[in-house]
Amino acid sequence: MKMKKSGYKSAVSKLKTSEDFQERTLERLNLEGNKRIDIDKRRGEIYMKTTNPTAKKSKAVIWTAGIAASAVLALGIYAVNQTGSGTANDPAVNNPGSGIVENNGPGAGTTAKRQVNIEGVIEEVGADGQSFRIGELWVEVNENTTYGITGDTAPDQSEQLVSKEFKVGNTVSGFTTGDVASGKVTADVIYNNF
């Protein structure tokens, strides 16, 4: 009977040793794995593991769908830019080799932006009060100059930020058909002066 007890004790101690060994081995493997990740991080590498095997399949599906969507988008853009006769109506494409863009006048849009080539803060006002300087450009205003924005969609004149009195510090925007590079122009339109 003593033999059975000693055999039992040795088996139980081996079992405990085995469990301890397993725990220590798992801890050691975990530490080694963390050390390996830290080494990879120092090298600039990032360790990533896909635990879900279906994720690889879903990545392939996503890539395929993305490529298909890009192809559809490219074909759609190509189709939109084509006309029935095979020639483009865009004036910039009529003669692409010449570098000249034909101007067929303003478009049909009623809310188009106004052309502005006079813009800035007034730095000096002339003695007559009808001319001002923005940077190096002197702008003269005369009886033919229009004030404010006009047109069907323009706000009422009383609601616009435009004054016929020019002061240093006012912000001005307008348009002239004159050459702004000359340094002195006459304003055709003053859109804003406030």
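Accessible areas here come from the Shrake-Rupley method with a 1.4 Å probe. On that basis, the accessible surface of the protein chain in this predicted model is about 15,600 Å², and carbon and sulfur atoms account for 56% of that surface.

The chain has 194 residues, of which 14% count as buried. Its secondary structure consists of 2 helices and 8 strands, and along the sequence these follow the pattern α-α-β-β-β-β-β-β-β-β. Of the contacts between residues at least 6 apart in sequence, 56% join residues at least 24 apart.

One residue is described here in more detail. Threonine 145 sits in the loop that runs between β4 (137–140) and β5 (146–147). Is threonine 145 buried or exposed? Its relative accessible area is 8%, and because buried means under 20%, threonine 145 counts as buried.

Which residues does threonine 145 touch, leaving aside those up to four places away in sequence? They are Ala187, Asp188, Val189 and Ile190. For two of these residues, alanine 187 and valine 189, a distance to threonine 145 is listed below.

| Part of threonine 145 | Partner | Distance |
|---|---|---|
| Side chain | Backbone oxygen of alanine 187 | 2.7 Å |
| C-alpha atom | C-alpha atom of valine 189 | 5.3 Å |

Threonine 145 and valine 189 are 44 residues apart along the chain, while their C-alpha atoms are separated by 5.3 Å. The side chain of threonine 145 reaches a backbone atom, the oxygen of alanine 187, and alanine 187 is also among the residues that threonine 145 touches.

Terms used. Residues numbered from 1 in each chain as written. Predicted model: local features only at pLDDT ≥ 70, side-chain atom pairs only at ≥ 80, totals over all residues. Heavy atoms only, no water. Helix = DSSP H or I, 4+ residues; strand = E, 2+ residues; numbered from the N terminus. Buried < 20%, exposed > 50% of the residue type's maximum accessible area, 1.4 Å probe, protein only. Contact = heavy atoms within 4.5 Å. Polar contact = N/O pair within 3.5 Å; in protein donor to acceptor, adjacent residues only side chain to side chain.
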